[in-house]
Amino acid sequence: MSRSPHRWWALALIALAQFMVIMDTSIIGVALPKMQNDLGFTPSNLSWVFNAYVVAFGGLLLLGGRLSDLYGARRIFATGWAILLAGSAAAGLAGTVELELAARAVQGAGSALIAPSALTLLMMLFGNRPAELTKALALYGAAAPAGGTAGVFLGGVITEYVSWPWVFYLNIPIAVLALIATPALMPAGGNRPGSLDLAGALTVTGGLAAAVYAIVRAPQAGWNSASTWLTLAGSAVLLAAFLIIQARRRQPLMRLGIFTSRNLTAANLAQLLLGAAWIPMWFFLNLYLQQVLGFSAFPSGAALLPMTVLIMVGMIVLAPRVIGRFGTKTTLVAGLAVLAAGLAWLALIRPTGSYLTDVLPASLVAALGMALAFIPSLGTALSSARPEEGGLASGIVNTSYQIGSALGLAAMTAVAAAHGADALGDPAALTDGYSAALLGAAGIALAAAILAAITLTGRNGKPAATQPENTPATR
């Protein structure tokens, strides 16, 4: 399977999957005001056009990974595209708030099948080719910032010159193309012996969905509200039940012993904290550009292009070379430290600042750090699992990043609000709030660098991604 002559075309489709999953979280931003007018959203529930997708996506990732292991990654990959296609059509056609939110949840469910199965297919194609694996992961990783930026651009263009339903209809031809290409390009794999742990699937999906729900809703409901803490308590109960079920079942949804791999655990912790630092930066930088510097949505997206280009070039060209020269651990720790420095520099933004002095240089430093940190943490998380648990490892690392993103954004939103970010129309107060959030994100990135330095193990300066812990030669 790893010698497929079409593997680079297959990688292009896998990268397209990553591109689409991320784009679907960003493309709706500019369209929200028109959706609010047409469908009757209230200001308080408009954010759920985004959150419904994130809750379903984050809650179902582990299940998607396990399904890939049991029923074949190619089959689950195609199923995810079919579900995304159906959800996208429904989201564009929805005429009510309830139908729109339900359709967005269906989109999230489809993405939760696509994301872990795509990474599993990548490892099937390149896992036995260490020289190519880092390049493949770099191309896959670069698709994420490309999707985020493309979403901002396309959302603005489509909303301005066509109509908001087309931000969803855009997925349909791409999904059709993916469904046609998948059988020809992707390795077939096969069913593995085992049964689906339905009790585990229900408890972990419910627990993760409840946790994400509570986190993304907390800035509106309040961190001290009874509803927030009751939802978090319910999530804790469900996740505790999940752990008990996993410890007792012969064929669990998630083998708890997978976390005895020190590097897998360390890399997932790094991915969680990376998401918790990076997503708040992207969010508050957009707000600073629009609400303080006065950029409209489209120029704001254009202002982030240099950062996006540097991330893509850094992941594809620079990161593999640095990993090959200095090793995974050093690259990861250095990347997180550089990210922390860039975020701390961004925290110096001024109410009377400018893009060229207050945003561009610091954002490029942060982008360089992200490019260096993402590939080694992702590669280590995937390669430290058993081959037959590739889907599970993919689901875990995707879940780590998504939960970290939601938690970091919610926490930094609270920090920003406490320092004045709720004072709309007051550039000084807004800047103080955004600066505090960016400084908090810098602290998260610095903590991640310290923890990675302490917890990650390295071998002879070589990339951990080329030396899985669970192979006989390295156990």
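These legends accompany five close-up views of a predicted model.

**View 1. Helix 15 from end to end.** Helix 15 covers residues 355–383. With 29 residues at 1.5 Å each, this helix should span 42 Å, and the 40 Å between its end C-alpha atoms agrees with that. Most of helix 15 is covered, as 23 of its 29 residues are buried.

**View 2. A15 and its contacts.** Start at helix 1 (residues 7–26), where you will find A15. Its relative accessibility is 15%, so A15 counts as buried, since the cut-off for buried is under 20%. Leaving aside residues up to four places away in sequence, A15 touches L139 and A143. L46 is another story: A15 and L46 are 31 residues apart along the chain, and their C-alpha atoms are separated by 30 Å.

**View 3. A nonpolar patch on the surface.** Here L139 appears again, now as one of the members of a nonpolar surface patch. L139 belongs to helix 6 (residues 130–161) and is partly exposed, with a relative accessible area of 32%. The other members of the patch are W8, L305, V309, V313, I316 and V317. Together, the patch residues have about 530 Å² of accessible area. Helix 13 (residues 305–326) gives the most to this patch, with five residues.

**View 4. A tilted pair of tryptophans in helix 11.** Nine aromatic pairs turn up when the whole structure is searched. One of them joins W278 and W282, whose ring centres are 6.4 Å apart, with 40 degrees between the planes, making the pair tilted. Both tryptophans sit in helix 11 (residues 262–292), and because they are four residues apart there, about one helical turn separates them. An α-helix has 3.6 residues a turn, so residues three or four places apart point the same way. W278 is buried, with a relative accessible area of 6%; W282 also counts as buried, at 16% relative accessibility.

**View 5. An edge-to-face pair between helices 15 and 16.** The rings of F374 and Y401 have centres 6.2 Å apart and planes at 90 degrees, so this pair is edge-to-face; the cut-off for that class is over 60 degrees. F374 lies in helix 15, while Y401 lies in helix 16 (residues 390–418), so the pair ties together parts that are 27 residues apart in sequence. F374 is buried, with a relative accessible area of 7%. Y401 is buried too, with a relative accessible area of 13%.

Technical notes
Residues numbered from 1 in each chain as written. Predicted model: local features only at pLDDT ≥ 70, side-chain atom pairs only at ≥ 80, totals over all residues. Heavy atoms only, no water. Helix = DSSP H or I, 4+ residues; strand = E, 2+ residues; numbered from the N terminus. Expected span 1.5 Å × (residues − 1). Buried < 20%, exposed > 50% of the residue type's maximum accessible area, 1.4 Å probe, protein only. Contact = heavy atoms within 4.5 Å. Patch = residues over 30% accessible without salt bridge, like charges linked within 9 Å, V, L, I, M, F, W, Y side chains within 5 Å. Areas by Shrake-Rupley, 256 points an atom, 1.4 Å probe, with all protein chains shown as cover. Salt bridge = Lys/Arg side-chain N within 4 Å of Asp/Glu carboxyl O. Phe/Tyr/Trp six-rings, centres within 6.5 Å; stacked < 30°, edge-to-face > 60°.
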